[in-house]
Structure formats: C-alpha cells, structure tokens
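Dear colleague,

I am passing on the structure below, and I would be glad if you could look through it with the notes that follow it.

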Amino acid sequence: MAVKTASLSLTDRIGARTVAGLMALVIGSILVFGVGLANSQTLHDAAHDTRHSYGFPCH
Amino acid sequence: MIVRFLLAALAAGLIAGLAMTPAQYGKTIPLIMQAEAYENGEAGHDHHAPDSSGATTADDGHAHSHGDGESVLGFGRFGNTVLANIVAGCGFALMLAAVALLTGIEFPVGREGLIRGLVLGAGAWFSVQLAPSFGLPPAVPGFPYADLGDRQTWWMLTVAASAAGLWLLALRPEWIVKAVGLAIIAAPHLWGAPVPEDIVSNVPAYIASAYAAASLATTLFFWLLLGGALGVFMARAAGSRPA
C-alpha cells in the first residue's frame, strides 16, 4: 500500500480527501435534513416513524 | 478516489439503514403505535384499548393519523419507513464519512480500521442521540411539545456543539482545548432546551419511558453498525489503487 500511495503527491491525496469530504457533507446534510427536519407534510408523513425512532424533533 | 469514498459511505449507510427497520419494528414502532391510540385522548378512558400487540391500535382512523402514507409513495407505512431509514442511513453515513475525511481520521485496513469506525460511530451516537436527549427526550406521538422550530434549532445546535466539543475533548492533546471542548458540549444544556408549557399527557408514563430507552438502544445499534461498516469500507476505498 505504501508503494501505491507514494506515487501520489501529498497535495493530490489531501485534495481528494477534502473534496470527497465536502461532497459527502453537502449530500449527507441534504438527505438528513429531508428525512429528519424538512417541514413538508408529505416528507413528515412518509418519514414519521423514522423521525420518532431517531429522536428528531417531531410534530 | 473521490467516488470510492462516497460509495464506501453509501454502502455502509445502506447496510445500517436496512438493519434499522427490523430493529425499530422490534423496539420502537410498537410503542409509537400504542402511543398514537392515546394521542388525541380517545383511548385515555378505555383501559382495554392498547392490546399487547399494539399494531391494531393505529388503524382506528383517528383524525390525526400519521405515517400511514398511502397517498405519499404508495408503499404504505412499512415501505415508507424502510425507505426513510435507508435515506437516513445514507445521509448519516455521508456526514460521518465527511467528518472522518475533513478531520484527517484515517482507517487502516483490518482490525484497526474497524475499531476506529466503531469508536467514530459511538461518538456520533453521543452527539446525535444521547446529548440532544438530555434536553429533548425521544418522544412518542402525543407527547407534550414546545414550538417545533425552536426544538429543531436547539437540536441542530446541540448536535453540532456536541460533535465539535467531543472532537476537541478526545482528539486534541492540549488540556485547555479539552476544557473548551467540554464547555462547548455543556453550553446548549446550560442555555436550556425548549420546554413545553404544559407537560400533562395522555400517553402512559410506562410507554414514554420504555420508548426513550428503546430509541437510544436502537440508535446505538445503528451507529455502531454504521461506524464499523464505514471503517472497513473506507479502509478499502483508501487502500485500493486510485482510478
């Protein structure tokens, strides 16, 4: 593994991790917001039992 | 490389999200359905209403019915919950992966990666479940509640503060920074969660307290499974040759 990673420059590696992290943060936040917090009645009804089970503020 | 990390997180989220539905049907959802029978006070005077199965009480057709969702996606209540759990699993998995990627937590291949994942999952359970539950206990339908917007704001701030504080406390060596982390964890609780004006409820105390324990237990299972799977999959994603 050390040989494989050595072929990448340090900045490439840090860059890829940071970009992946930011993308994951944005997409993940949207999904969690939609399931747990969005005010839409449709989303609330569909995710009702999930919201309660995870302890999201509900109703 | 980027896509591999995202796919690793999604795979972990899919597994944990799928596993969450049976856990909920074993522990939390029967209590939710029992509580719904009391939600509008209809069952409050009929002590025979909540039979032990609990499942039939949700079909009473009371005015304030939740989660049956026939008009939503056409999958019924069970299907909606399966879907919502998968989406929640993937969302939490991506956010947990983001924390690991952005704070420089690496997952070595093998046992060490699994253990780090489990520890990360436990930290997330503390931040997302346990710490907010001090102020806003996991609530069944029919619980007395304060303004929804106030509670959601407090919940989000508490999750963020607990996660940031825990990171400072656990991963920074300087004692002064650890003390700041502890203060950040405590701050939302010293400020205080939104409290309902009237705490009288038709829901029996037994259901409510059993539910709070069940919610914390099932989410601990979820976060440990998610963290462990994430550790293993992220180690593979990082260790494989970048495409």
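**The largest pocket**

Of the 32 residues that line the largest pocket, B:Leu96, B:Val99, B:Ala124, B:Ser127 and B:Ala163 are the ones that lie nearest its centre. Please keep in mind throughout that this is a predicted model. Both chains take part in the lining of this pocket, since the elements that give two or more residues to the lining are helix H2 (10-36) of chain A and, from chain B, helix H3 (76-103), helix H4 (111-135) and helix H5 (148-171). The largest share comes from H5(B), with ten residues. The space in this pocket comes to about 970 Å³, and by class its lining is made up of 26 nonpolar residues, five polar ones and one charged one.

**The second largest pocket and the largest cavity**

The second largest pocket holds about 300 Å³ of space. It has 21 lining residues, and nearest its centre lie B:Pro137, B:Ala139, B:Phe143, B:Pro144 and B:Arg151. The lining of the second largest pocket divides into 15 nonpolar, five polar and one charged residue.

As for enclosed space, a search of the whole structure returns two cavities of 30 Å³ or more, and the largest cavity contains about 60 Å³. Its lining draws on both chains: A:Tyr54 and A:Gly55 belong to it, and so do B:Val128, B:Gln129, B:Pro132, B:Ser133, B:Leu136, B:Pro138, B:Trp155, B:Ser215 and B:Leu216. The elements that contribute two or more residues to this lining are H4 and H7 of chain B, and the largest share, four residues, is that of H4(B). The lining of the largest cavity has seven nonpolar and four polar residues, with no charged residue.

**Chain A and the nonpolar cores**

Chain A has four helices and zero strands, which along the sequence gives the pattern α-α-α-α. Of its 59 residues, 49% count as buried. The area that chain A exposes is about 2,800 Å², of which carbon and sulfur atoms supply 73%.

The largest nonpolar core has 49 residues, and those that touch the most other members are B:Phe5, B:Phe92, B:Phe222, B:Trp223, B:Leu226 and B:Met234. The elements giving two or more residues to this core are H2 of chain A and, in chain B, helix H1 (2-26), H3, H4, H5 and helix H7 (205-239). For B:Met234, once neighbours within four places in sequence are left aside, the contacts are with B:Phe5, B:Ala8, B:Ala97, B:Leu101 and B:Phe107. Apart from this core lies another, of eleven residues, which includes B:Ile32, B:Ile207, B:Tyr211 and B:Ala214.

**Helix H2 of chain B**

How many of the eleven residues of helix H2 (residues 29-39) of chain B are buried? Ten of them are, and the helix is thus mostly covered. The buried residues of H2(B) are B:Ile29, B:Leu31, B:Ile32, B:Met33, B:Gln34, B:Ala35, B:Glu36, B:Ala37, B:Tyr38 and B:Glu39. They pack against helix H4 (48-54) of chain A, and against H1, H3 and H7 of chain B.

**Two buried polar residues**

Two further residues may be worth a look in your viewer. B:Thr218 is found in helix H7 of chain B. Because its relative accessible area is 4%, under the 20% cut-off, B:Thr218 counts as buried. Leaving out residues up to four places away in sequence, B:Thr218 touches B:Met20, B:Ala23, B:Lys27 and B:Thr28. One of these contacts spans a long stretch of sequence, as B:Thr218 and B:Ala23 are 195 residues apart along the chain, while their C-alpha atoms are separated by 6.2 Å.

B:Gln152 lies in helix H5 of chain B. With 10% relative accessibility, B:Gln152 is also under 20% and therefore counts as buried. The residues that B:Gln152 touches, not counting those up to four places away in sequence, are A:Gly36, A:Leu37 and A:Pro57.

With best regards

Terms used
Residues are numbered from 1 along each chain as its sequence is written. Chains are lettered from A and ligands numbered from 1 in the order in which they are written. This is a predicted model: local features need pLDDT of at least 70, side-chain atom pairs count only at pLDDT 80 or more; totals for chains, interfaces and linings use all residues. Side-chain values use heavy atoms; hydrogens and water are left out. On a 1 Å grid over the protein atoms alone, a cavity is a set of points where a 1.4 Å probe fits but cannot get out, and a pocket is an open set with protein on both sides within 12 Å along at least five of seven lines; lining residues have an atom within 4 Å of a point. Grid points are joined across faces, edges and corners, and a volume is the space filled by probe spheres set on the points. Ala, Val, Leu, Ile, Met, Phe, Trp, Tyr, Cys and Pro count as nonpolar, Asp, Glu, Lys and Arg as charged, and the others, Gly among them, as polar. Buried means under 20% relative accessible area, exposed over 50%, partly exposed in between (1.4 Å probe, protein chains only). Accessible areas come from the Shrake-Rupley method with a 1.4 Å probe; for residues, only the protein chains shown count as cover. A nonpolar core is a set of buried Ala, Val, Leu, Ile, Met, Phe, Trp, Tyr and Cys residues joined through side-chain atoms within 4.5 Å. Contact means heavy atoms within 4.5 Å.
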